[in-house]
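Q: I have just opened this one and don't know my way around yet. Could you walk me through it?

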Amino acid sequence: MMDAIGTEERKVYRLVLTGGPCGGKTTGQSRLCTFFENLGWKVFRVPETATILLSGGIKFADLVADEVYKFQENLLRTMIQIENTYFELGRTSTKNCLIICDRGFMDASAYISKEKWDRMMRSNNWNPVELRDNRYNQIIHMVSAANGAEDFYNTEEHSCRSEGVTLARDLDYKAASAWIGHPYFDVIDNSTDFENKVNRMIECVCQKLGIDIGDRLSITSRKVKFLVSGPVPPDSAFPAFQDFDVTHHYLQCAGPRVQARLRKRGQNGRWSYIHTIRRPQQHGQSIEVRTQLSHRDYLNMLTQQDDAHFTIYKKRRCFLVNNQYFQMDIYIEPSHPRCKGLILLETYTSLTGDKLKNILPKFLNIVKEVTGQPDYSMFNLSLREDWNNTKKFCYSLHGKTICCHRQADASSTSNTASTTTPIIATATATTDTGVDRVNETSGTVPDNSGETQFE
């Protein structure tokens with residue numbers, strides 16, 4: 001196992017997340033960041049140098065050969081300086097620190113001939129072996145959707161990208177080849193659906209770091225959700241935990257089956273911002289795109305807030321019990337009355353039945369399992385209108401029902417609460433089973449109607 005820079009008490013881990021066009025790098029970075037922050041790590045995200053420079057109006061098609069050479073040379077000089085800034089911050093961090101580099105030094109070699117690359121190395125006294133093998137702890141290459149998942153390949157989400165499928169495959173191969181030789185180089189292909197592709201990437205990082213994640217990222221793993229009855233036990237009843245303040249805003253969308261939201265998440269006045277778009281099922285998979293935002297972009301996007309939804313405020317507590325990672329969301333005011341007193345516990349696991357029950361925190365008063373029940377989805381909980389009177393109630397974003405809406409006929413919702421303020425607001429434990437199975441006749445698909453990941 002590779003040792004990260006630092007002592008046993010504190011680690012600084014320098015990771016390059018690279019890949020071909022439309023490989024899931026942006027969403028993967030966001031998910032990886034959230035995962036490690038929930039573990040109590042400090043996470044720095046080094047921006048992609050090429051995107052910074054190209055967003056200033058530079059177009060490769062307009063550059064002559066000498067200008068391309070100088071551009072690549074200056075790009076690498078800039079990249080080294082930007083990375084060094086984050087690496088230094090990592091070294092002085094008081095927490096374990098993950099530094100995610102959006103591409104790394106060797107990626108530039110995919111866009112220049114070997115002869116020019118070698119000349120550039122010599123003229124700058126750069127040692128490519130040192131910069132490839134020793135500068136970064138691990139390299140992860142996310143294979144382009146153009147290679148094995150062609151139905152999902154598109155470039156509309158990236159303003160600086162316009163590659164066709166054939167060119168994307170070629171660039172994907174060159175980008176991967178650039179890192180051959182690094183002692184910890186992992187390729188995440190498209191042999192599974194995208195959700196499991198991202199999980200495999202996170203699992204790969206945890207494995208190298210020696211972090212035991214149990215089965216929560218395995219292919220058979222799924223998110224399960226439980227209703228918890230308050231009050232919350234005192235802090236002393238919990239194992240080591242991290243608390244976050246979380247705010248969600250739903251945004252206006254072009255189509256009725258698309259969901260978009262903003263998330264602000266922070267500790268001690270320091271915030272991170274995520275924009276999430278969820279689209280209906282395509283080719284057997286839900287499409288979810290997550291993008292890290294700056295504070296300015298977050299404020300700009302807030303102007304698109306959907307007035308049909310309340311803002312959701314939560315206190316989020318993350319902790320490990322029985323080698324299982326849990327996230328507990330405590331809904332706080334201001335909120336719709338249906339959210340008053342609501343506490344939901346989530347985890348990823350492949351366990352079921354008694355095995356699932358046995359890993360749950362014994363110090364929490366767990367009422368029942370509510371996985372897949374639309375009355376407990378954040379999208380529906382945030383609706384301003386009464387559930388009986390709205391056409392916006394979402395049973396499932398995908399599946400046979402795609403995005404159904406609650407009907408006035410109570411028979412269609414006999415397995416879910418149908419009141420304005422459902423029983424979830426004042427739930428008390430009336431059973432000693434700990435886990436109740438979701439009623440399989442409810443007509444819902446266990447996708448939580450708008451939440452497939454910890455967010």
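Q: How many helices and strands are there in the protein?
A: In this predicted model, the protein has ten helices and 15 strands.

Q: And how much of the protein counts as buried?
A: Of its 455 residues, 52% count as buried. As for how the chain folds back on itself, among contacts with a separation of 6 or more, 71% are between residues 24 or more positions apart.

Q: Let's look at helices, then. At what angle do α1 and α7 pack?
A: Helix α1, which covers residues 25-38, packs against helix α7, residues 194-209, at an angle of about 50 degrees, and their axes are 10 Å apart. Two packed helices are described by just these quantities, the angle between the axes and the distance between them.

Q: What is that arrangement of α1 and α7 called?
A: The two count as oblique to each other, because an angle of about 50 degrees is neither under 35 degrees, nor over 145, nor in the range from 65 to 115. The crossing of α1 and α7 is right-handed.

Q: Which residues in α1 and α7 meet?
A: From α1 the contact takes in T27, G28, R31, L32, F35 and F36, and on the α7 side they meet F194, E195, V198, N199, M201, I202, V205, C206 and L209. The residues of this contact divide into ten nonpolar, three polar and two charged.

Q: You mentioned a cysteine there. Is C206 buried or exposed?
A: C206 counts as buried, because its relative accessibility is 0% and the limit for buried is under 20%. Another cysteine, C33, is likewise buried, at 2% relative accessibility.

Q: How far away is the cysteine sulfur nearest to C206?
A: That sulfur belongs to C204 and is 9.4 Å away, and C206 is in no disulfide. A disulfide is a covalent bond between the sulfur atoms of two cysteines, and by a cut-off of 2.5 Å between the sulfur atoms, the count for the model comes to zero.

Q: New topic: where are the cis peptide bonds at G230 and E333 placed?
A: One cis bond joins G230 and P231, with omega about 0 degrees, and P231 lies in the loop between β7 (222-229) and β8 (241-250). The bond from E333 to P334 is cis too, with omega near 5 degrees, and P334 has its place in the loop between β13 (324-332) and β14 (343-349). They are worth noting because most peptide bonds are trans.

Q: What about the phi angles of R103 and N125?
A: R103 has a positive phi of about 70 degrees although it is not a glycine, and N125, also not a glycine, has a positive phi of about 55 degrees. Most residues other than glycine have a negative phi.

Q: Where do R103 and N125 lie, and which of them is buried and which exposed?
A: R103 is found in the loop between β4 (97-102) and α4 (114-123), and R103 is buried, with a relative accessible area of 12%. N125 lies in the loop between α4 and α5 (128-133), and N125 is exposed, at 71%.

Q: Last one: what does W271 touch?
A: W271 lies in strand β10, residues 270-282, and, leaving out residues up to four places away in sequence, W271 touches D245, K264, R265 and G266. D245 is 26 residues from W271 along the chain, and their C-alpha atoms are separated by 8.9 Å. At 34% relative accessibility, W271 counts as partly exposed.

Conventions
Residues numbered from 1 in each chain as written. Predicted model: local features only at pLDDT ≥ 70, side-chain atom pairs only at ≥ 80, totals over all residues. Heavy atoms only, no water. Buried < 20%, exposed > 50% of the residue type's maximum accessible area, 1.4 Å probe, protein only. Axes fitted to C-alpha atoms, helices over the stretch in contact; angles between N-to-C directions. Helix = DSSP H or I, 4+ residues; strand = E, 2+ residues; numbered from the N terminus. Left-handed = near helix turned anticlockwise from the far one by under 90°. Contact = heavy atoms within 4.5 Å. Nonpolar A, V, L, I, M, F, W, Y, C, P; charged D, E, K, R; others polar.
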